[in-house]
Amino acid sequence: MIILNRCSPLRQILRRCYSQAAEITSNKINLTAFFGKWPETEQQEFREHMRIITDFISESEEQQLHEEIEPYMSRLRYEFDHWDDAIHGFRETERKKWFPKNREILERVRKVAFDGAVMPYVHILDLAPDGVIKPHVDSTRYCGTTISGISLLSDSVMRLVRTDAQRYNQPSSGTAKELESKGSEPDAAYRHQPAASLENNFYADLLLPRRSLYIMSHTARYNFTHEILAKEHSEFQGTPVPKTRRISIICRNDP
Ligand code: OGA
Ligand code: MN
């Protein structure tokens, strides 16, 4: 359950999704929609390991972050070229040094999502209005148990689909290196696109409000693909979620 402030525009979107007025008036809204037949234990684990914190940053903090990123980002071109790539219509960079005010925000991410241990380089991904992040799993070669992102400028819908691959339990079933030698990481790509069909499967849609933080770890990070739905498919529980330009600020830990 998530707490939203009283005048959030998102409340207005969600008001249309929920017929139960009691749920709205108590300010508690569920941002996860489950589909398919979930084994109960997997769903319990998933709920623990895929969290969304709404209003993680204020409007002025969003603006501060945007102001620091924009001068560099706006000089890059959006890339739409490679059809086998996981992401289309994006530009991206990494940043280690931040203005003090923004460093303070990232410090909050480090504490809430990583127990302190996070990679020093922060990934910034700018997705064009008609950009899309196709289903993928971040490589276990470059990224550890947890991926955490702040969404700027737009709401969006993230879909997590159970992969067909055998369940990957971190860390008990082996290190990333051991898995690689077993052949499950065939190349050096940052993102893998394993089979994960919606049919005969189970998955979840997550409404990621602008200025929220998501924390994706363990089962959600290893056993599910994640994607950001394209604007023409961007809906949550039957209600359109307009997706415009979206910038995400993503922190990861070491493998
Ligand atoms: C990625 C990714 C998610 C996001 O860059 O691998 O999944 O929130 N990004 O932008
Ligand atoms: Mn990813």
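## The second largest cavity

The lining of the second largest cavity divides into 3 nonpolar, 1 polar and 3 charged residues. Seven names make up this lining: Glu79, Phe80, Asp81, His82, Asp85, Ile87 and Phe90. The volume of the second largest cavity is about 30 Å³. These values, like the others in this report, were computed on a predicted model.

## The largest cavity

A search of the whole structure yields 2 cavities of 30 Å³ or more. The largest cavity holds about 120 Å³ of space. Its lining consists of 16 residues, and those nearest the centre are Leu125, Ile133, Tyr214, His226 and Ile250. Two or more lining residues come from each of strand E6 (122-138), strand E12 (224-228) and strand E15 (246-252).

Strand E6 is the element that gives the most to this lining, with 5 residues. By class, the lining of the largest cavity comprises 8 nonpolar, 4 polar and 4 charged residues.

## Strand E6 and its partners

Is strand E6 largely enclosed or largely open to the outside? Of the 17 residues of E6, 12 are buried, so the strand is largely enclosed by the rest of the structure. Burial here stands for a relative accessible area under 20%.

Several strands pair with E6. Strand E5 (residues 87-95) runs antiparallel to E6 and is joined to it by 8 bridges; within this pairing, Thr93 has Ile124 of E6 as its bridge partner. Strand E15 is also antiparallel to E6, with 5 bridges between them, and here Ile124 stands opposite Ile249 of E15. Ile124 thus has a partner in E5, namely Thr93, and another in E15, namely Ile249.

Two further pairings involve E6. Strand E12 is joined to E6 by 2 bridges in the antiparallel sense, with His136 opposite His226 of E12. Strand E9 (residues 191-192) likewise pairs antiparallel with E6 over 2 bridges, and Val137 faces His192 of E9 there.

## The manganese site

Which residues coordinate the manganese ion (ligand 2)? The donors are His136 (NE2), Asp138 (OD) and His226 (NE2), at 2.0 to 2.1 Å from the ion. Along the sequence, these donor residues follow the spacing H-x1-D-x87-H. The two histidines link distant parts of the chain, as His136 belongs to strand E6 and His226 to strand E12, 90 residues apart.

Both His136 and His226 are buried. The two residues also stand opposite each other in the pairing of E6 with E12. His226 is, in addition, among the residues nearest the centre of the largest cavity.

## The largest pocket

About how much space lies in the largest pocket? Its volume is about 510 Å³. The lining of the largest pocket is formed by 22 residues, of which Glu92, His123, Tyr190, Arg191 and Arg252 lie nearest the centre. Strands E5, E6 and E15 are the elements that give two or more residues to this lining.

The greatest contribution to the lining of the pocket comes from E5, with 5 residues. The lining of the largest pocket contains 12 nonpolar, 4 polar and 6 charged residues. Strands E6 and E15 appear in the lining of the largest pocket and also in that of the largest cavity.

Note on methods:
Residues are numbered from 1 along each chain as its sequence is written. Chains are lettered from A and ligands numbered from 1 in the order in which they are written. This is a predicted model: local features need pLDDT of at least 70, side-chain atom pairs count only at pLDDT 80 or more; totals for chains, interfaces and linings use all residues. Side-chain values use heavy atoms; hydrogens and water are left out. On a 1 Å grid over the protein atoms alone, a cavity is a set of points where a 1.4 Å probe fits but cannot get out, and a pocket is an open set with protein on both sides within 12 Å along at least five of seven lines; lining residues have an atom within 4 Å of a point. Grid points are joined across faces, edges and corners, and a volume is the space filled by probe spheres set on the points. Helices (H or I, at least four residues) and strands (E, at least two) are DSSP runs, numbered from the N terminus. Ala, Val, Leu, Ile, Met, Phe, Trp, Tyr, Cys and Pro count as nonpolar, Asp, Glu, Lys and Arg as charged, and the others, Gly among them, as polar. Donors are N, O and S atoms within 2.8 Å of the metal (3.2 Å for Na, K and Ca); water is not among the atoms, so sites may look incomplete. Buried means under 20% relative accessible area, exposed over 50%, partly exposed in between (1.4 Å probe, protein chains only). Two strands pair if DSSP finds at least two bridges between them.
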